[in-house]
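Please take a moment to look over the sequence and the model below, and then follow the path of the chain with the paragraphs that come after them.

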Amino acid sequence: MDIQIKRLAAEDIAVTNDLVHIMIGAWQSGFRNILPDSIIEKYTRFDPCADMFRQIIASGTGTMYLARLNGKSVGLLYWIPEEETARIEALLTIPEVWGKGVAAALMEQVLADTISFHAVTVWPFAENKRALRFYEKHGFSPSGHSRMGD
């Protein structure tokens, strides 16, 4: 398996459709029993998702990585700096690559790139047990805090 991680820049706007397909696949499969269908449908509409990713890539306010497996776009990770903390906003992979090391490769990349930060945080849904196990495996631990309304 050949997993490649690319840090996206403004000139990579052409991969927007790939990012949208990753998000839609991940949300529709990964959050099906966690979020109401109406929320999943709201946040997986193609055009609004594409607009969001175009804005993220063009703005440069955070860092977006795209993972490819054997040349196919299969995962993404987006993080933003907050003072001395790096906050992971999204780590998504298509269901076909779950358990194949793609998310781990993305996590290794972000942890290497944020080594100078005081902390790296992520806010998974408490009901997403698979994600919680993944983050714990990569050195994260629950803080006891929750984030509402974001």
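**A walk through the sheet**

In this predicted model, Met-64 stands opposite Tyr-78, a residue of strand S3. That pair is a good place to begin, because it leads to strand S3, which covers residues 72-82 and has 8 of its 11 residues buried, so that the strand is largely enclosed by the rest of the structure. A residue is called buried here when its relative accessible area is under 20%, and exposed when that value is over 50%.

What lies on either side of strand S3? Strand S2, made of residues 63-69, pairs with S3 in the antiparallel sense over 7 bridges, while 8 bridges join S3 to strand S4, residues 85-93, and these two strands also run antiparallel. Along the border between S3 and S4, Gly-75 has Thr-93 of S4 as its bridge partner, and Pro-81 stands opposite Ala-86, which likewise belongs to S4.

The turns that link these strands deserve a careful look as well. Strands S2 and S3 form a hairpin with 2 residues between them, and S3 and S4 form a hairpin that also has 2 residues between the strands. Most residues other than glycine have a negative phi. Asn-70, however, has a positive phi of about 50 degrees although it is not a glycine, and its place is in the loop between S2 and S3. Glu-83, found in the loop between S3 and S4, is another residue other than glycine with a positive phi, in this case near 55 degrees.

Are these two turn residues, Asn-70 and Glu-83, buried or exposed? Because the cut-off for an exposed residue is over 50%, Asn-70 counts as exposed at 57% relative accessibility, and Glu-83 is exposed too, with a relative accessible area of 82%. Strand S3, by contrast, has 8 of its 11 residues buried, although the loops that hold Asn-70 and Glu-83 adjoin this strand.

Stepping back, the reader can now place these strands in the wider arrangement, which is an open sheet of 5 strands in the order S1-S2-S3-S4-S5, with mixed pairing. The edge strands are S1, residues 3-7, and S5, residues 119-122, each of which pairs on one side only. From one strand to the next, the twist of the sheet averages 25 degrees. In the order of the sheet, S3 stands between S2 and S4, the two strands with which it forms its antiparallel pairings of 7 bridges and 8 bridges.

Notes. Residues numbered from 1 in each chain as written. Predicted model: local features only at pLDDT ≥ 70, side-chain atom pairs only at ≥ 80, totals over all residues. Heavy atoms only, no water. Buried < 20%, exposed > 50% of the residue type's maximum accessible area, 1.4 Å probe, protein only. Helix = DSSP H or I, 4+ residues; strand = E, 2+ residues; numbered from the N terminus. Pairing = 2+ DSSP bridges. Axes fitted to C-alpha atoms, helices over the stretch in contact; angles between N-to-C directions.
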